[in-house]
Amino acid sequence: MSTEKTEESKEIQQTSAEEPQREGDADGGKTQKRKAKEKKKGNRNSRSVLKSLMLTAVLPVLGSGLIRFLGVNIFVTPNKFAPGGVNGASVLLEAVTDWNWGIFLLIFNVPLFFLAFFFLGKREAILSTLSMLLTAGISILVRYVPAMQFLPAYGGDGNVAHGLLGAVAGGIFLGIALAIMIKSCGTSGGTTVLASLVNKKFRNLSVSGLTSVLDAIVVLSSVFVYNDGSFTSVLDPVLLALVSLFVTSKMSDAILHGFKTAYKFEIITDCPEELAEEIMRETRHGVTKMEAEGMYSHEGKSLLVCIIRKRQIAQLQRIIKKYPGTFAYFTSTSEVYGRFVK
C-alpha cells in the first residue's frame with residue numbers, strides 16, 4: 001500500500017517537473033518565431049531602404065553625371081560655344097587655357113558645395129555636387145588617360161549645319177541631365193546655387209531670373225573667347241548657345257511634366273445637360289458640373305469643368321460654339337493624376 005503511494009507521488013512530481021519544461025519549450029518556440037519574423041521584417045526594410053537609395057540618389061547621380069559629360073564632350077566643346085552656367089564657364093576656360101573643362105568644373109563646385117550645404121540643404125548639396133564631380137572626373141580621365149580617349153566629337157569642322165545640330169543635341173543631353181537632378185533633389189547645382197543665395201537676401205529677385213542673367217553673362221563672354229575677327233565668329237557662339245539653352249529648357253520641361261500636360265476647360269452655360277452629354281460623347285472625357293451665380297446679374301448658371309488633351313482643344317471649341325450664350329476659358333495643367341484617358 002505504501003509502495004503504491006510512493007510510486008504515485010513520484011509520478012506526480014515527475015509530471016509537475018515536466019509541465020514547466022514544456023511551458024518553457026513552448027515559450028522558447030514562440031520567442032524564436034518572433035525573432036525570425038523580426039529578422040525577416042528587418043531584412044525587408046533594409047532592402048526597401050537600399051532600393052529607395054538607389055532610385056533617389058545613386059542612379060540620378062550616375063545618370064545625370066554621365067549624360068552631362070556626353071553632351072558637353074561630344075557636342076558642345078567641338079562646336080565652340082558655351083551653354084551657360086558653370087558648365088559653360090568651364091568650357092570657356094578650357095578654350096582659353098587648354099586645360100580640360102572638367103578641372104574647372106571641379107574647382108567651381110567645391111565652394112558651391114559648401115555654400116549649398118550650409119545655406120540651402122544638405123541632401124540637395126550632396127547629390128548635385130556628386131553629379132557634377134562625376135562629370136568632371138570622367139572628363140579629366142578621358143582627356144589625360146590615353147586608354148579612355150575613344151569618344152567621337154561631332155562637328156567642329158566649320159559646317160553650319162553640324163554646329164546647329166550639335167547645339168540641339170547638346171541641349172537635349174543637358175536637358176535630360178537637368179531634369180534628372182531636379183527630379184531627384186530639386187536643384188541642378190551650379191549657378192542655381194548662387195541665384196538661390198541671392199534670392200534669400202533679396203526676395204524680390206526670382207531664382208529663374210537670376211539664373212538667366214548668370215547664363216547670359218557666360219554666353220556673352222564667349223564672344224571674346226571664340227572671336228577670330230569676323231562678324232560670323234562673333235555671332236556663332238552666341239546663337240549656338242541660345243539654341244542649346246532653349247532646347248535644354250524645353251527638354252527638361254518635357255521630362256518633368258510635359259508628358260502629363262492637359263488643358264482644363266471651365267464652361268459657364270445655361271444648358272449644362274446637353275452640352276456635357278455632347279462633350280463626353282465626342283471627347284471621351286468626363287465632365288464635372290457645379291452651380292454658379294453671376295455677381296452682376298445674380299442669375300443662376302452652371303459651371304462645367306473638363307480636362308482634355310491638347311489635340312482636342314479645337315474639337316471642344318467647335319462643340320461650345322453650338323450653344324449660344326455659353327462662356328468658356330481654358331488653362332494649361334502641368335500634371336494630371338488618376339483616371340484620365342490619354
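**Figure 1. Helix 3 and helix 4 at the lining of the largest cavity.** In this predicted model, helix 3 (101–119) and helix 4 (122–144) each give at least two residues to the lining of the largest cavity. Helix 3 provides the largest share, with four residues.

**Figure 2. The residues around the largest cavity.** If you would like to pick out the lining in your own viewer, select N109, L112, F113, A116, S128, T129, M132, G189, G190 and V193. Sorted by class, this lining has five nonpolar and five polar residues, and no charged ones.

**Figure 3. The space inside the largest cavity.** The structure holds one cavity of 30 Å³ or more. The largest cavity encloses about 40 Å³ of space.

**Figure 4. T77 in the loop between two helices.** Here we turn to another residue. T77 sits in the loop that joins helix 1 (2–76) and helix 2 (85–97). The relative accessible area of T77 is 23%, so this residue counts as partly exposed, a class that lies between buried, under 20%, and exposed, over 50%.

**Figure 5. The surroundings of T77.** With its neighbours within four places in sequence left aside, T77 has contacts with V72, V91, E94 and W101. One of these partners, E94, is worth a closer look: T77 and E94 are 17 residues apart along the chain, and 8.9 Å separates their C-alpha atoms.

Notes. Residues are numbered from 1 along each chain as its sequence is written. This is a predicted model: local features need pLDDT of at least 70, side-chain atom pairs count only at pLDDT 80 or more; totals for chains, interfaces and linings use all residues. Side-chain values use heavy atoms; hydrogens and water are left out. On a 1 Å grid over the protein atoms alone, a cavity is a set of points where a 1.4 Å probe fits but cannot get out, and a pocket is an open set with protein on both sides within 12 Å along at least five of seven lines; lining residues have an atom within 4 Å of a point. Grid points are joined across faces, edges and corners, and a volume is the space filled by probe spheres set on the points. Ala, Val, Leu, Ile, Met, Phe, Trp, Tyr, Cys and Pro count as nonpolar, Asp, Glu, Lys and Arg as charged, and the others, Gly among them, as polar. Buried means under 20% relative accessible area, exposed over 50%, partly exposed in between (1.4 Å probe, protein chains only). Contact means heavy atoms within 4.5 Å.
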